[in-house]
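Got the viewer open? Keep a selection box handy, and let's walk through this one stop at a time.

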Amino acid sequence: MDLLYKSTRSKSVEIEASKAIVKGLADDGGLYVPTSFPKLDKDFKEISAMGYKQVAYYVMNKFLKDFTEEELKNCIEKAYDEKFDTELIAPIVKKEDVYFLELFHGATLAFKDMALSILPHLLKTSVKKQNIDKEVVILTATSGDTGKAALEGFDSVDGTSIIVFFPENGVSEVQKRQMVTQAGENTHVVGIHGNFDDAQTAIKEVLNDTEFKKLLDENNFMFSSANSINIGRLVPQVVYYVNTYAKLLKDGEIQDGEKINVVVPTGNFGNILAAYYAKKMGTPIGKLICASNQNNVLTDFINTGVYDRRREFLTTISPSMDILVSSNLERLLFELSGSKEEAVKEMMDSLKEKGVYEINSDMKKSLEDFYGGYAGDEDTLKAIESFYEKTKYVMDTHTAVAYSVYEKYKAETGDTTKSIIASTASPFKFPKSVNDALNFGDKNMNDFELIEKLAQFAGIEVPNGAKDLDKKEIKHTKVCQKDEIKKTISEILGV
Ligand SMILES: *Cc1c(COP(=O)(O)O)cnc(C)c1O
């Protein structure tokens, strides 16, 4: 039977991949999950001879069954091209006893590029396959990384336009400049007077506003989302875990079949879930080490089986992981429960109503593949500093959270399994915090000056995504109040 997609929350109809990508979220509020897990049917020796794009086709073809070979290859070609500064797309760097899987070589210097450079093409193809003849309008609220990666991804993709709302005073200088200098006729960026939650809430209201949606429909528009709950963002992320295993084998770093551990700095649980999917497909992965910052809901969950969001939201130096509700965890719950929709729905209802849920003992047992740990800001800075001292390798704050948790894991368990650390951002994206650890520049320098200093200090070139940011033309200057989001969308679309 062909692989289809179904909701995590009820025994609803099973739909093909292109439909799940267009819909984003199931009607019952659940997330789409595959009805079965494809197995890797080539051995890793064979996979290790492939380039990144070939591995991408091999893996994604197993999940996106209703895409033709031509359609999928076309999406892959358009996504993984010279936007990335290396043909390897996701290179592996070995330092001391660990392997850094660098996922930040795309246009915006963060791992979101891995999925958001292909999602627009998957979505455009899906819309066509579903015979929808409308312009797709992507609405995104961002706390920094997602917005820019989505803008780059959708830039000039015809049949689509994208509107990004960001907290005017809540993102880093680099992040803001990256967004307001965005090229492309179909891209729109708006600052709001409010925080990320205000933007997110307002957008959810717009997406559920039936009258507004009708108005759009009459004007030949439809809304969609580039949020990480879309299955079209998850599937491309499985690719790099399969590819990494194959490349380690090719480089003689591991024996065929040898297990490796994976350490992932985690926020919305998308990246680590992709590693879990890769494991389910047959990639020899041992432990999945889930690293959080001080917002350590997931650490507690993995250690106790209780998910409790009733705690203060903390702002940290790894802002892309500042999150208390990790949406993609729902997909893991579905697998751990043995595909029990009712159980998942109960837990999600409880989370919504009471802010907490607990998994049963069977599910707790199946969590054994995971290890949870966290690092506070101080540990994170210390990790950047001490690792640089030893190796001259500069980690960004998110990667450093993962490294710090990896060290704790090793000390606690004595496990010496070879490990890869998902490096989710370039240090050039968070120059202030990296400078706090390494002191290459003056404390009162701005991000742009620090970028230059960091390049000199580390002896590496400024990557394209951070180059001459302060010299680029500012194209987006719109700012609105948090209750004006709908009005602003109307103005932009002319409806
Ligand atoms: C989004 C992001 C993360 C968290 O990834 P999830 O898939 O949400 O868990 C970690 N690091 C960086 C730099 C990110 O942008």
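How do the residues of the shell around the ligand divide into nonpolar, polar and charged? There are 5 nonpolar, 8 polar and 2 charged ones. Before going further, bear in mind that this is a predicted model.

**Stop one: the ligand**

Select the ligand and show what surrounds it: you should get 15 residues. The closest are Lys112, Asp145, Gly267, Asn268 and Thr424, so label those. Next, turn on the backbone atoms of Asn268, Gly270 and Asn271. A backbone N or O atom of Asn268 sits 2.7 Å from a ligand oxygen atom. For Gly270, the distance from a polar backbone atom to an oxygen atom of the ligand is 3.1 Å. Draw one more distance, from Asn271: a polar backbone atom there is 2.9 Å from an oxygen atom of the ligand. How much of the ligand does the protein bury? Taken alone, the ligand exposes 380 Å², and the protein buries 96% of that.

**Stop two: the strands**

Switch to cartoon and select residues 135-141, which make up strand S5. Of its 7 residues, 6 are buried, so S5 is largely enclosed by the rest of the structure. Which strands does S5 pair with here? One of them is S8 (residues 221-224), which runs parallel to S5 and is joined to it by 4 bridges. To find that pairing on screen, pick Glu135 and look for its bridge partner in S8, Phe221.

S5 is also joined to S6, again in parallel, by 6 bridges. Here the residue to click is Ile138, whose bridge partner in S6 is Ile162. Stay on Ile162, since it takes you onward: its bridge partner in S7 is Thr187. Strand S6 covers residues 160-167, and it pairs with S7 in the parallel sense over 6 bridges. Now select S7 itself, residues 187-193. Is S7 mostly covered or mostly open? Mostly covered: 5 of its 7 residues are buried.

**Stop three: two residues with positive phi**

Go to Ile89, in the loop between helix H4 (69-79) and strand S3 (92-95). Its phi is near 65 degrees, a positive value in a residue other than glycine. Color by accessibility and Ile89 should come up as buried, with a relative accessible area of 3%.

Then jump to Ser156, in the loop between H7 and S6. Ser156 is not a glycine either, and its phi is positive, at about 65 degrees. Is Ser156 buried or exposed? At 54% relative accessibility, Ser156 counts as exposed, whereas Ile89 is buried.

**Stop four: salt bridges**

Side chains of opposite charge can pair when their charged atoms come close. How many salt bridges does a search of the whole structure find? The count is 35, and a few of them are worth a click.

Begin with Glu152 and Lys148, whose closest N and O atoms are 3.4 Å apart. Both lie in helix H7 (residues 145-154), 4 residues apart, which is about one turn of the helix. The two ends of this pair look unlike each other when you color by accessibility: Glu152 is partly exposed, with a relative accessible area of 25%, while Lys148 is buried at 6%.

For a pair that spans two helices, select Asp379 and Lys408, which meet in a salt bridge at 3.5 Å, N to O. This pair links distant parts of the chain: Asp379 is in helix H17 (residues 377-391) and Lys408 is in helix H18 (residues 397-413), 29 residues apart. Asp379 is partly exposed, at a relative accessible area of 30%. Lys408 also counts as partly exposed, with 31% relative accessibility.

Farther along the chain, pick out Glu484 and Lys487, a salt bridge with its closest N and O atoms 3.9 Å apart. Glu484 is partly exposed, with a relative accessible area of 26%. As a last selection, highlight Lys6, Lys11 and Glu341 together: salt bridges that share partners join them into one network.

How values were computed
Residues are numbered from 1 along each chain as its sequence is written. This is a predicted model: local features need pLDDT of at least 70, side-chain atom pairs count only at pLDDT 80 or more; totals for chains, interfaces and linings use all residues. Side-chain values use heavy atoms; hydrogens and water are left out. A salt bridge is a side-chain nitrogen of Lys or Arg within 4 Å of a carboxyl oxygen of Asp or Glu. Buried means under 20% relative accessible area, exposed over 50%, partly exposed in between (1.4 Å probe, protein chains only). A residue is near a molecule or strand if one of its heavy atoms lies within 4 Å of it. A polar contact is a pair of N or O atoms within 3.5 Å; within protein, one must be able to donate a hydrogen and the other to accept it, and residues adjacent in sequence count only if both atoms are side-chain atoms. Accessible areas come from the Shrake-Rupley method with a 1.4 Å probe; for residues, only the protein chains shown count as cover. Ala, Val, Leu, Ile, Met, Phe, Trp, Tyr, Cys and Pro count as nonpolar, Asp, Glu, Lys and Arg as charged, and the others, Gly among them, as polar. Two strands pair if DSSP finds at least two bridges between them.
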